Amino acid sequence: MSQDQPRRWIAVVGNPNAGKSTLFNALTGLRQRVGNYPGVTVEKRTGTAYTLHGEAIELVDLPGMYSLSPRSPDEEIARKVLRGESDGIPQPDAILCVVDASNLERNLFLVTQVMELGIPVLVALNMVDVAEARGVRIRPGELSQRMGVKFLPTVATRGKGLVELRAALGQKLSDPGERRWVMPPQLATAVGQIAAAWRDALPAELGAEGRALELLAGGKDGPEGARKLAAAWRERFREQAYDWPAAVVQARYAYLKEMLGQAGVGHGQAHLTWTDRIDALVLNPVAGWGVLAGILTLLFTSIFSIAAYPMEWIDIAFSAAGGWLQGAMPAGLFRDLLVDGVLAGVGGVVIFLPQILILFFFLGLLEDSGYLARAAFLLDRVMHRVGLSGKSFIPLLSSYACAIPGIMATRTVEDPKDRLTTILVAPLMSCSARIPVYTTLIAAAVPAAVMPSWAKAGAMLGLYALGTGTAFVLAWLFRKKMMGGGSPPLILELPPYRRPSLRTVALRMWERAVIFLRRAGTVILALSILLWFLCNFPHTAEDPTERLAQSFAGQIGHALEPVLRPLGFDWRIGIGLVASLAAREVFVSTMSIVYHAGGEEEGLVQAMRSASWPDGSLIYTPLTCLALLVFYVYALQCLSTVAVVRRETGSWKWPAFMMLYMAGLAYAGAWLVQAVGGMLGG
Amino acid sequence: MKAMDLTQVGAGREVRVSRLDCAPGTCQRLREMGFCENAMVRKIRGGADLVCWVCGTRVALSARLARQILVETVDGNS
């Protein structure tokens with residue numbers, strides 16, 4: 001293929017859990033996120049693959065879907081790409097359907113729909129190893145012959161069948177040809193007429209029958225004549241109480257059942273497997289909750305106990321770098337900038353990398369093993385009480401890592417009100433950026449000597465519980481009381497358990513580390529330098545404390561102090577709150593700069609513990625630390641979240657509402673802590 | 001043959017779907033996931049929410065939805 005010839009686009013489609021993302025990664029070398037629960041891919045991703053002849057082709061990996069009739073935003077994304085209605089992606093030249101070979105009947109249902117798009121189709125029979133282990137006989141040749149499209153066996157996780165797949169992608173794929181399933185006569189007449197009207201208006205249009213079915217279902221795109229005809233047939237079917245969508249699904253399944261039977265392919269026996277044995281425990285209404293609580297306790301204890309060692313090494317490294325700079329450079333503003341600005345700011349945040357990686361390690365294991373779908377199932381009843389379904393649980397759990405992927409994962413939530421509610425409360429789930437703030441403030445509240453790591457983990461768990469509990473209460477308020485209406489009932493596929501791929505989990509941790517360090521090296525570095533300037537200029541006094549008080553940052557803090565005083569916060573905390581409006585973790589680097597802590601966690605905690613009000617009383621009393629912790633549990637200090645909510649809701653109304661309600665909650669929560677603490681003599 | 005809803009079926013039993021009695025969108029999603037009229041379904045777990053084996057996969061359903069799936073026993077399976 002010549003250089004100036006446009007590349008061919010191939011869409012990768014399939015049911016959730018069919019292994020699309022794994023196959024896409026194997027073909028393109030991209031590290032597409034792969035999980036073992038429905039809805040890992042919530043947006044289209046593109047990558048370049050090469051055929052055996054070296055032709056570069058563009059692959060677009062689409063969200064998993066059960067049918068082409070979209071019922072959730074992620075399915076709508078997939079449908080738009082396949083129809084050539086997506087911005088920046090031309091209509092695909094071919095479609096690579098990835099099907100789970102151990103579950104052919106359900107997976108091929110989608111293939112029968114895809115074949116009606118009028119685009120050449122190639123089917124990857126993925127996970128043939130699992131299918132064979134379950135006693136399913138796989139006959140790609142038979143299937144190709146009976147369905148009229150090429151079937152190729154693959155095991156994407158082990159790279160099996162990829163050579164054949166690349167070879168097939170390099171050849172001209174044939175059109176799927178005529179529909180094989182038998183349409184009920186009543187419907188066939190309607191579809192025939194609508195399709196004919198379509199072809200009359202747009203003779204070159206392919207897949208007119210599929211288009212006719214879309215129009216009959218209420219689709220708006222198409223020639224006027226065909227649309228009018230579809231509306232008339234829809235009305236007639238309604239009068240006759242003829243449930244034609246049900247008839248179509250039944251006809252497709254009837255064809256598949258017969259075809260698979262003739263091809264000698266079964267779908268295995270529903271015998272008890274070790275997945276069912278594990279499920280007997282983890283889905284048990286009593287033991288299941290114990291397992292979930294155990295997993296969460298292990299997660300939070302590990303964040304403190306295991307992470308303590310690498311955190312200490314990072315601490316030592318930054319101290320040594322600071323010490324070396326102090327000795328190697330002459331005293332002056334530039335040295336202060338490097339030590340108190342750059343090292344304090346960046347070091348103060350980088351030190352928390354191990355904790356964040358441990359969080360992602362555990363989430364990766366849970367996701368990859370298939371447990372997350374079970375947790376969603378277990379939590380469905382709880383979620384139902386607040387007006388949501390179990391499907392909202394996975395976006396909320398993802399928000400523990402970061403609200404941005406969590407909010408994007410709401411695309412799998414079918415009901416628009418459920419989805420909006422989940423988006424609105426997702427930032428209340430404590431994200432990994434809060435870990436540095438929580439850790440620092442817990443340490444400032446209680447000396448390390450009197451607080452073992454399990455107690456720290458308990459305090460941390462309490463903060464997570466506060467955020468989660470509030471999210472549930474507000475979800476109930478927003479969904480049940482303000483929006484009204486019922487939530488759709490839960491239908492959720494439970495994938496078989498898989499041994500988590502350590503490579504996948506390690507790749508995810510690596511990606512997170514790169515994102516975190518890139519952020520530390522760009523946004524946090526820039527903000528640290530800016531803050532150092534704001535904290536040191538105008539350079540009117542030699543005494544660092546005096547200089548800070550008179551600096552630009554000090555002036556901002558002093559201006560805010562009257563508002564913050566009822567919460568027990570002084571002007572220096574005010575600087576931290578303003579500086580961390582864009583990103584929460586900046587609070588820690590700001591405090592490191594404000595207190596000249598030089599990037600060492602221990603130094604910062606000591607400085608905070610000895611900081612005092614002008615009357616000599618301590619600022620960081622346990623009560624004030626708690627008030628500040630509550631403030632950070634609730635406040636929306638993250639510009640990236642605001643941007644993603646704007647994108648996902650399509651208006652500024654909801655991000656503005658979110659910012660206001662969370663700021664109000666943060667202020668009220670912190671004030672309440674001080675008020676109740678004061679009454680109790682704290 | 002005895003008609004009942006899916007919550008009334010004992011765990012481990014295999015039944016045939018006879019009718020879906022839910023909102024049109026939900027019915028359609030159920031059918032697409034394999035719960036078509038005449039499809040065979042094996043109930044794996046009972047309880048407030050339940051798990052079924054249909055078309056080669058485990059599907060979890062809320063009890064509220066399972067009550068809207070009417071099924072009938074097949075011969076030799078009471």
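Here are two short exercises on how the parts of this predicted model touch.

Residues count from 1 along each chain as its sequence is written, and chains are lettered from A, with ligands numbered from 1, in the order written. Local features need pLDDT of at least 70 and side-chain atom pairs count only at pLDDT 80 or more, while totals for chains, interfaces and linings use all residues.

**Exercise 1.** Work out which residues make up the contact between the two domains of chain A.

*Solution.* Start with the split: domain 1 of chain A is 8-170 and domain 2 is 185-262, with bounds from an automatic or database domain assignment. Their C-alpha centres lie 25 Å apart. Next, count the contact (C-beta atoms, placed from the backbone, within 7 Å): 10 residues come from domain 1 of chain A and 12 from domain 2 of chain A. On the domain 1 side, helix α3 (residues 104-114) of chain A gives the largest share, five residues. Helices here are DSSP runs of H or I, at least four residues, and strands are runs of E, at least two, numbered from the N terminus.

**Exercise 2.** Find what chain B brings to its contact with chain A, and which strands pair across it.

*Solution.* First the totals: chain B puts in 30 residues and chain A 31. Then the elements: among those supplying at least two residues from chain B are β3 (40-45), β4 (49-54) and α1 (24-32). The most comes from α1(B), with eight residues. Finally, the strands: β7 (residues 491-494) of chain A pairs with β5(B) in the antiparallel sense over four bridges; pairing takes at least two DSSP bridges. Within this pair, Glu493(A) stands opposite Val59(B).
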